[in-house]
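Subject: Structure handover

Hello,

Please find the structure below, followed by notes on what was found in it.

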Amino acid sequence: MVMVRHLPTDSAVQREIHGEAAEWSLTDHLLAAAVDHLAVANWMFQCVNTGEDDETPDPPKPVPRPGDTDEDGKEQDGGSAPEGAAEAVSPSALARFFG
């Protein structure tokens, strides 16, 4: 059990246990949050500079992250989270880095 716990995150065992979440580092989560914030800022800029009679643009969709689920409780890629999978860092937890 100790050997499994200390295997590298990109090992086949970690990917089998934790799914895609094993491949996402803190840097990956921060980069996804930065992309989401930039997309929202661009969307807000478009909304402000859209004429009153024009349609407002649709809000951007966030970058899919491991562990994200839809209304049915299934992961967005169509599968369900493996039992015992590590919890992904939530976007709200990362938001503190961006003000």
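Helix α3 covers residues 26-48, 23 residues in total, and spans 33 Å from its first C-alpha to its last. That is close to the 33 Å expected at 1.5 Å a residue, where the expected span is 1.5 Å times one less than the number of residues. Helices here are DSSP runs of H or I with at least four residues, strands are runs of E with at least two, and both are numbered from the N terminus.

This is a predicted model, in which local features need pLDDT of at least 70 and side-chain atom pairs count only at pLDDT 80 or more, while totals for chains, interfaces and linings use all residues. Residues are numbered from 1 along each chain as its sequence is written, and side-chain values use heavy atoms, with hydrogens and water left out.

Confidence

The mean pLDDT (the predictor's confidence in each residue, from 0 to 100) is 74 for the protein, and 67% of the residues score at least 70. Among the elements, α3 has the highest mean, 91, and α4 the lowest, 56. Over residues 78-87 the pLDDT stays under 50, and the model has 13 contacts beyond four places in sequence for that stretch. A contact means heavy atoms within 4.5 Å.

Overall make-up

The protein has four helices and zero strands, in the order α-α-α-α along the sequence. Of its 99 residues, 11% are buried; buried means under 20% relative accessible area, exposed over 50%, and partly exposed in between (1.4 Å probe, protein chains only). The exposed area is about 7,700 Å², of which carbon and sulfur atoms supply 56%. Areas come from the Shrake-Rupley method with a 1.4 Å probe, and for residues only the protein chains shown count as cover. Of the contacts with a separation of 6 or more, 55% are between residues 24 or more positions apart.

Helix α3 and the loop after it

The buried residues in α3 include H29, A32, A33 and D36. What does D36 touch, leaving aside its neighbours within four places in sequence? D36 is in contact with K61, P62, V63 and R65.

A search of the whole structure finds one salt bridge, defined as a side-chain nitrogen of Lys or Arg within 4 Å of a carboxyl oxygen of Asp or Glu. The partners are R65 and D36, at 2.6 Å from N to O. The pair links distant parts of the chain, with R65 in the loop between α3 and α4 (91-94), D36 in helix α3, and the two positions 29 residues apart. R65 counts as buried because its relative accessibility is 6%, and D36 counts as buried because its value is 14%.

P66 also lies in the loop between α3 and α4, and is buried with a relative accessible area of 3%. The C-alpha atoms of P66 and W24 are separated by 7.7 Å, although the two are 42 residues apart along the chain.

Surface patch

V4, L7, V13 and I17 make a nonpolar surface patch of about 250 Å². Patches are made of residues with over 30% relative accessible area and no salt bridge, joining like charges within 9 Å and nonpolar side chains (Val, Leu, Ile, Met, Phe, Trp, Tyr) within 5 Å. L7 sits in the loop between α1 (2-5) and α2 (12-18), and is partly exposed at 31% relative accessible area.

Regards
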